[in-house]
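This report looks at one protein chain, its helices and the contacts between them. The sequence and the structure come first.

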Amino acid sequence: MGFGFVVGVFGVLILSHATYSTVQYRGLLKIMEEEFSGPPINVMFELLLGFVLCVWAALTVPGKFLSIHPHSEENRIVSLPANLDFMIFNHRGKAFPVGTDLKLKH
């Protein structure tokens with residue numbers, strides 16, 4: 001387990017604690033017969049901190065971002081001639097007419 005994973009788990013625990021605190025606060029307000037207008041400010045800080053930690057972990061745990069440009073040296077695209085086994089021409093699309101002059105009726 002890496003550091004990013006631990007940060008993500010800690011962020012989820014903080015979000016869970018903020019949820020529990022909000023539910024407990026609402027129960028206290030029901031006992032005191034007051035109206036709920038929103039969670040307390042400390043719960044809002046917990047939500048913000050938990051969200052930031054979870055987003056940071058989500059961006060760092062999966063690994064390095066790879067290039068999507070087709071001519072990049074880091075690109076992992078397999079060339080087409082090496083995968084001819086996956087090219088299928090016998091499918092449902094052959095039931096449709098080949099003509100491109102079809103128009104949609106409005």
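The sections below go from the whole chain to single residues and ring pairs.

## Overall make-up

The model is predicted. The protein chain has 2 helices and 0 strands. Of its 106 residues, 16% are buried. The accessible surface of the chain is about 9,800 Å², and carbon and sulfur atoms account for 67% of that area.

Contacts between residues at least 6 apart in sequence were also sorted by separation: 63% of them join residues at least 24 apart.

## Helix α1

Helix α1 covers residues 3-31. With 29 residues, α1 reaches 42 Å from its first C-alpha to its last, close to the 42 Å expected at 1.5 Å a residue. After α1 comes E33, which has a positive phi, near 55°.

The buried residues of α1 are G4, V7, G8, G11, I14, A18, S21, T22 and L29. Part of their cover comes from α2. An α-helix has 3.6 residues a turn, so residues three or four places apart point the same way.

## Two buried positions between the helices

G4 in helix α1 has a relative accessible area of 13%, which is under the 20% limit, so G4 counts as buried. Beyond its neighbours within four places in sequence, G4 is in contact with W56, A57, T60 and V61. The C-alpha atoms of G4 and V61 are 5.5 Å apart, although 57 residues separate the two in sequence.

E46 belongs to helix α2, residues 41-60. This residue is also buried, at 18% relative accessibility. Leaving out residues up to four places away in sequence, E46 touches I14, H17, A18 and S21. Of these, I14, A18 and S21 are among the buried residues of α1. From E46 to S21 the C-alpha distance is 9.9 Å, with their positions 25 residues apart in sequence.

## Aromatic pairs

The chain has 2 aromatic pairs. F3 and W56 form an edge-to-face pair, 6.0 Å centre to centre with 75° between the planes. This pair links distant parts of the chain, with F3 in helix α1 and W56 in helix α2, 53 residues apart. F3 is exposed at 63% relative accessibility, whereas W56 is partly exposed at 39%.

The rings of Y25 and F36 have centres 6.2 Å apart and planes at 65°, so this pair is edge-to-face as well. Y25 lies in helix α1 and F36 in the loop between α1 and α2, so the pair ties together parts that are 11 residues apart in sequence. Both rings belong to partly exposed residues: Y25 has a relative accessibility of 27%, and F36 one of 28%.

## Nonpolar surface patch

Which residues form a nonpolar patch on the surface? They are M1, F5, V6, V9, F10, L13 and V61, with about 730 Å² of accessible area together. M1 is found in the segment before α1. At a relative accessible area of 85%, M1 is exposed. V61, another member of the patch, is also one of the residues in contact with the buried G4.

Conventions: Residues numbered from 1 in each chain as written. Predicted model: local features only at pLDDT ≥ 70, side-chain atom pairs only at ≥ 80, totals over all residues. Heavy atoms only, no water. Helix = DSSP H or I, 4+ residues; strand = E, 2+ residues; numbered from the N terminus. Buried < 20%, exposed > 50% of the residue type's maximum accessible area, 1.4 Å probe, protein only. Contact = heavy atoms within 4.5 Å. Patch = residues over 30% accessible without salt bridge, like charges linked within 9 Å, V, L, I, M, F, W, Y side chains within 5 Å. Areas by Shrake-Rupley, 256 points an atom, 1.4 Å probe, with all protein chains shown as cover. Salt bridge = Lys/Arg side-chain N within 4 Å of Asp/Glu carboxyl O. Expected span 1.5 Å × (residues − 1). Phe/Tyr/Trp six-rings, centres within 6.5 Å; stacked < 30°, edge-to-face > 60°.
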